[in-house]
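Hi everyone, and thanks for making time this morning. I'd like to walk you through a structure that may be new to you, so please have a look at it while I talk.

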Amino acid sequence: MTYGYLAEADLALGNYAEAEANAQWMMNLRPNNTPALLIGAKLRVLFGDASGAIAFLNQAYTQTSPIEVEELAWIANQIASIQVEAGQVDSAEKTLTRAEELFAGYP
């Protein structure tokens, strides 16, 4: 988690190369761990890789426990946001419908 905190701090400071290095350390230590995937998705958005960000978020979504409905809804909202920015409005609508089914009224 220390590398996650460092990556988040570097993201906030605009130190994207350092954030990327810390996120990679997270993946090296525990491949495909959800916090690393979430940070990696943020970085991919910043680097202009919408499909890569969505792939990371989809992987994080599938690894999240089905009882964590708020977390699932949050991830779905992140996916939909990227889809809208990428012009995939129909896909975003489907993603948001799924989020609404999971957690009705989620902001």
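Let me start with a term I'll need in a moment: a residue is buried when its relative accessible area is under 20%, exposed when that area is over 50%, and partly exposed in between. One thing to keep in mind as well is that this is a predicted model.

With that term in hand, take E8. Its relative accessibility is 34%, so E8 counts as partly exposed. K42 is partly exposed too, at 35%. The side chains of these residues, K42 and E8, form a salt bridge, with 3.1 Å from N to O. What does this pair tie together? K42 sits in helix 3 and E8 in helix 1, so the bridge links parts that are 34 residues apart in sequence.

How many salt bridges are there in total? The count is 2. Besides K42 and E8, the side chains of D49 and R44 meet in a salt bridge, at 3.7 Å from N to O. D49 has a relative accessibility of 28%, which makes it partly exposed, and R44 is partly exposed at 29%.

Now let's go inside. In soluble globular proteins, nonpolar side chains tend to be buried together. Here, the largest nonpolar core has 26 residues, and the members that touch the most others are I39, L43, L57 and I75. Which helices supply at least two residues each to this core? They are helix 1 (2–13), helix 2 (16–29), helix 3 (34–46), helix 4 (50–63) and helix 5 (69–85).

Let's zoom in on L57. Setting aside residues up to four places away in sequence, L57 touches L38, A41, I75, Q78, I79 and I82. One of those, Q78, is found in helix 5. Q78 has 31% relative accessibility, so it counts as partly exposed. From Q78 to Y61 there are 17 residues in sequence, and their C-alpha atoms are 11 Å apart in space.

Next, G4, which is in helix 1. Is G4 buried or exposed? G4 is buried, with a relative accessible area of 5%. Not counting neighbours within four places in sequence, G4 is in contact with M26 and I39. You may remember I39 from the residues that touch the most other core members. G4 and V69, on the other hand, are 65 residues apart in sequence and 23 Å apart in space, C-alpha to C-alpha.

On to empty space. Rolling a probe the size of a water molecule over the atoms shows where empty space is left. The largest pocket holds about 180 Å³ of space. Helix 2 and helix 3 are the elements that give two or more residues to its lining. That lining is made of E20, A23, Q24, M27, A36, G40, L43, R44, F47 and F56. By type, the lining residues divide into 6 nonpolar, 2 polar and 2 charged. Some names here are already familiar: R44 lines the pocket and also takes part in the salt bridge with D49.

Now please look at the loop between helix 2 and helix 3, where N32 is placed. Most residues other than glycine have a negative phi, and most peptide bonds are trans. N32, however, has a positive phi of about 60° although it is not a glycine. N32 is partly exposed, with a relative accessible area of 35%.

N33 is found in that loop between helix 2 and helix 3 as well. N33 is buried, at 8% relative accessible area. Which residues does N33 contact, leaving aside its neighbours within four places in sequence? They are M26, M27 and Q63. M27 also appears in the lining of the largest pocket.

For contrast, T62 in helix 4 is exposed, with a relative accessible area of 63%. The C-alpha atoms of T62 and T34 are separated by 9.7 Å, with their positions 28 residues apart along the chain.

My last stop is T95, which lies in helix 6 (residues 89–102). T95 is buried, with a relative accessible area of 6%. Residues up to four places away in sequence aside, T95 touches A76, I79, A80 and Q83. I79 is also among the residues that L57 touches.

Thanks for listening, everyone!

How values were computed
Residues are numbered from 1 along each chain as its sequence is written. This is a predicted model: local features need pLDDT of at least 70, side-chain atom pairs count only at pLDDT 80 or more; totals for chains, interfaces and linings use all residues. Side-chain values use heavy atoms; hydrogens and water are left out. A nonpolar core is a set of buried Ala, Val, Leu, Ile, Met, Phe, Trp, Tyr and Cys residues joined through side-chain atoms within 4.5 Å. Buried means under 20% relative accessible area, exposed over 50%, partly exposed in between (1.4 Å probe, protein chains only). Helices (H or I, at least four residues) and strands (E, at least two) are DSSP runs, numbered from the N terminus. Contact means heavy atoms within 4.5 Å. A salt bridge is a side-chain nitrogen of Lys or Arg within 4 Å of a carboxyl oxygen of Asp or Glu. On a 1 Å grid over the protein atoms alone, a cavity is a set of points where a 1.4 Å probe fits but cannot get out, and a pocket is an open set with protein on both sides within 12 Å along at least five of seven lines; lining residues have an atom within 4 Å of a point. Grid points are joined across faces, edges and corners, and a volume is the space filled by probe spheres set on the points. Ala, Val, Leu, Ile, Met, Phe, Trp, Tyr, Cys and Pro count as nonpolar, Asp, Glu, Lys and Arg as charged, and the others, Gly among them, as polar.
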